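Biologist: I am new to this structure and would love a close look at a single part of it. Please pick one strand, tell me what surrounds it, and then lead me outward from there.

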Amino acid sequence: MVIVKTTVRRDVLTLPAAPLGPENPLPALRPLDEVHTLDERAKEGLPRDMARQLGYEPLRGILPVRLLDGYGRERTETPIDTIVIENDRLRATVLPGYGGRVHSLFHKPTGRELLYRNPVLQPAAFALNGAWFSGGIEWNIGATGHTTLSCAPLHAARVTAPDGGEMLRLWEWERLRDLPFQVDLWLPEGSDFLHVGVRIRNPHERSAPVYWWSNIAVPEERRVLAPADEAWRFAYTGGLDRVPVPECDGVDRTYPTRSEYPADYFYDVPDGTRRWIAALDAEGHGLAQTSTDRLRGRKLFVWGAGTGGRRWQEWLTEPGTPGYAEIQAGLARTQLEHVRLDAESEFSWLESYGPLSADAALVHGDWADARGEAEARLAEALPKEAVDAAYEAWLTCADTEPAESLATGSGWGALEVLRAEYKVPGTPFAESTLGPEQAPWLELLHTGAVPEPRRVAPPGPTLVSPHWRDMLETAPARPQAEYHLGIAQWHAGDRAQAVRSWERGLELAPSRWPLLRCLAVADQAEGHAERAADSYAAAFDDLCEERRDDGELWTAATAALGREAMAALLAVGRTEAARAVWERLHARTRTEGRFRLVEAQLLFAEGDMDGVRAVFEEGFEAADLREGAETVGALWAAATGEEIAERYDFRMRPPGE
């Protein structure tokens, strides 16, 4: 038998894709809009370690990351850079520009795609910062939810693998928790399993909360198997309860299509049990994922067969295409927890992905028999001892310096390494990656002052971690410094001082609208709705006087501020002022689906129910609807008293709950 040498190469994949659009230039000052939260009563009676980790530094907001909400739903054939790892058995296709997502895992001997491979690339508002897309294997780091790197480029390079072949390394500096991480994809020659070595490092002199879940999309016509007889079920009503596996409420929930509403099932895998999860079809074929013991959790996510779940599935791909479920693996029992990583230490583990075939009659029979059959076939295909040995071998290469760069991520890691002289062997954050976004912060680092902009433009990104906040505190109190200092103080929870900084900056600022908008958000947070509306109106007036063109940057700023201003004005019944904001939006902005929804809300506030109905009947798609959003249906019901049409029904929970 001839064994083909493993290769790592660049390639291009063409997919129907919607452009991501520009980042939202307004700093994300508002609390995190995340559906995976528990009320306090739901935490009662939980295991002690779970309860502790549920309360351990949950994320409150996404600063310093910016929202990515300017995408639409018009897709065109788009060339996308990929990196392909291939031997004679498997071919893995990776998207370095989209969070390092494994788009496809193809098993050559059987001709089977092991993952759910989305035929389109359609952003939707599921990531913590907005844009996300479904399919493949995604690497979620940061905090509960989909990573802010879902649609961001990672650094990528060719590295020598443990067996002397080639390995793909992905790495970045995760900004929510201020931690570097790496993902090494290694496909040994002749292997049916892709090994993935993961390392998260904490270079700081303080502990840090860590979150990791590997999310694997698989076709939903599968049975999902894991070594557990119980699971923690999270439903979108906000509860977390312990349920039996496989049958719950009279239904076998290990078949994704048998649930009506979306839900998460976090399998309670007993200590000392091998960590694995598999999704197998009617013939007993499919994908298995296993890991070293550090990656403790296993989960099944189902969309459900109800109207809302089906609508979300259509929203994320093409109507008429097969649906998917997700099998997942994480550091904790559930995705609602964060794990403590001590100062100057690291977490590392190895995952393995490959084909699994088992006796179909057993797989789809009694639960104990199904589990036992899958576990036995996995032990034959990839013994636990082989995974542990692969992990030990990978550790010897984890610090190996990359041989050849294949893709470039952001410059934020380079800025942090330059600031603190961190040593992160194996994941170089080169100064050459520093760009215009880092330039003002580089000047602050070298001169102690924040530069005032040379031209009129929306402000750039802000840094909020303690060391940068300390530098802002001692920088000359010029308007730009006060703006950024206020944002850092707001992030730290010092709202009163943030307001004082913004007010000081306002006194001398040539560009007033960014500071007025910050003050408006502060007024809203304190319940001063009328004052917030005043500040928003003044901010929008100032922006319209200042904007220089209808290019992408100013259009994005006008759209973002206009949308917030209209909501604030409508909240206090000032419909004429809201209409005035609407009229000054760019014409192409008003035609976007997300702004057709805003238009319908404005018409509703004006009492024009026929106008609301006309907008709905003409049809729109609000591209940035958040996961769990019921805004569209609620507006229709309020305006017409009628049941919402299926195309606008995105409910992820039973009515009334």
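Modeller: What follows starts at one strand, moves to its partners, and then visits other parts of the chain.

First, a word on how to read this. This is a predicted model, so to speak of local features I need a pLDDT of at least 70, and side-chain atom pairs count only at pLDDT 80 or more, while totals for chains, interfaces and linings use all residues. Residues are numbered from 1 along each chain as its sequence is written, and side-chain values use heavy atoms, with hydrogens and water left out.

Let us begin at strand β24, residues 324–330. Helices (H or I, at least four residues) and strands (E, at least two) are DSSP runs, numbered from the N terminus. In β24, 7 of its 7 residues are buried; buried means under 20% relative accessible area, exposed over 50%, and partly exposed in between, with a 1.4 Å probe and protein chains only. In a regular strand the side chains alternate between the two faces of the sheet. Here Y324, E326, Q328 and G330 point one way, A325, I327 and A329 point the other way, and all are buried.

Which strands pair with β24? One is β14 (residues 212–219), antiparallel to β24 over 7 bridges; two strands pair if DSSP finds at least two bridges between them. The other is β23 (residues 297–302), also running antiparallel, with 5 bridges. E326 makes a handy landmark: A217 stands opposite E326, and F301 stands opposite E326 too.

Now follow β23 onward. β23 is joined to β20 by 5 bridges, again antiparallel, and V302 in β23 is the bridge partner of A263. Strand β20 (residues 263–267) has 5 of its 5 residues buried. A263, Y265 and Y267 cover one side of β20, and D264 and F266 the other. β20 also pairs antiparallel with β16 (residues 230–235) over 5 bridges, where A231 has Y267 as its bridge partner.

Elsewhere, 9 strands make up an open antiparallel sheet in the order β15-β21-β22-β26-β12-β11-β10-β9-β27. Its edges are β15 (223–225) and β27 (404–407), each of which pairs on one side only. From one strand to the next the twist averages 20°; axes are lines fitted to C-alpha atoms, for helices over the stretch in contact, and angles run from 0 to 180 degrees between N-to-C directions. Helix α5 (residues 384–395) packs on this sheet, touching β10 (166–174), β11 (179–186), β12 (194–202), β22 and β26 (345–357), where contact means heavy atoms within 4.5 Å. The direction of α5 makes about 135° with that of β26. Within the sheet, β21 (residues 276–280) and β22 (residues 285–291) run antiparallel, joined by 5 bridges, and A279 stands opposite L287.

Some loops deserve a glance. D178, in the loop between β10 and β11, has a positive phi of about 65° although it is not a glycine; at 8% relative accessibility, D178 counts as buried. E57, in the loop between α1 and β2, has a positive phi of about 40° and is not a glycine either, but at 43% it counts as partly exposed. The loop between α1 (48–54) and β2 (76–86) also holds P64, and the peptide bond from L63 to P64 is cis, with omega near 10°. V245 and P246 are likewise joined by a cis peptide bond, with omega about 10°; P246 lies in the loop between β17 (240–244) and β18 (247–248).

Our last stop is helical. Helix α12 (residues 529–546) has 18 residues, which at 1.5 Å a residue should span 26 Å, and its end C-alpha atoms are 25 Å apart, which agrees; the expected span is 1.5 Å times one less than the number of residues. Among its buried residues are Y536, F540 and L543, and the buried residues pack against α11 (513–525), α13 (552–571) and α14 (575–584).
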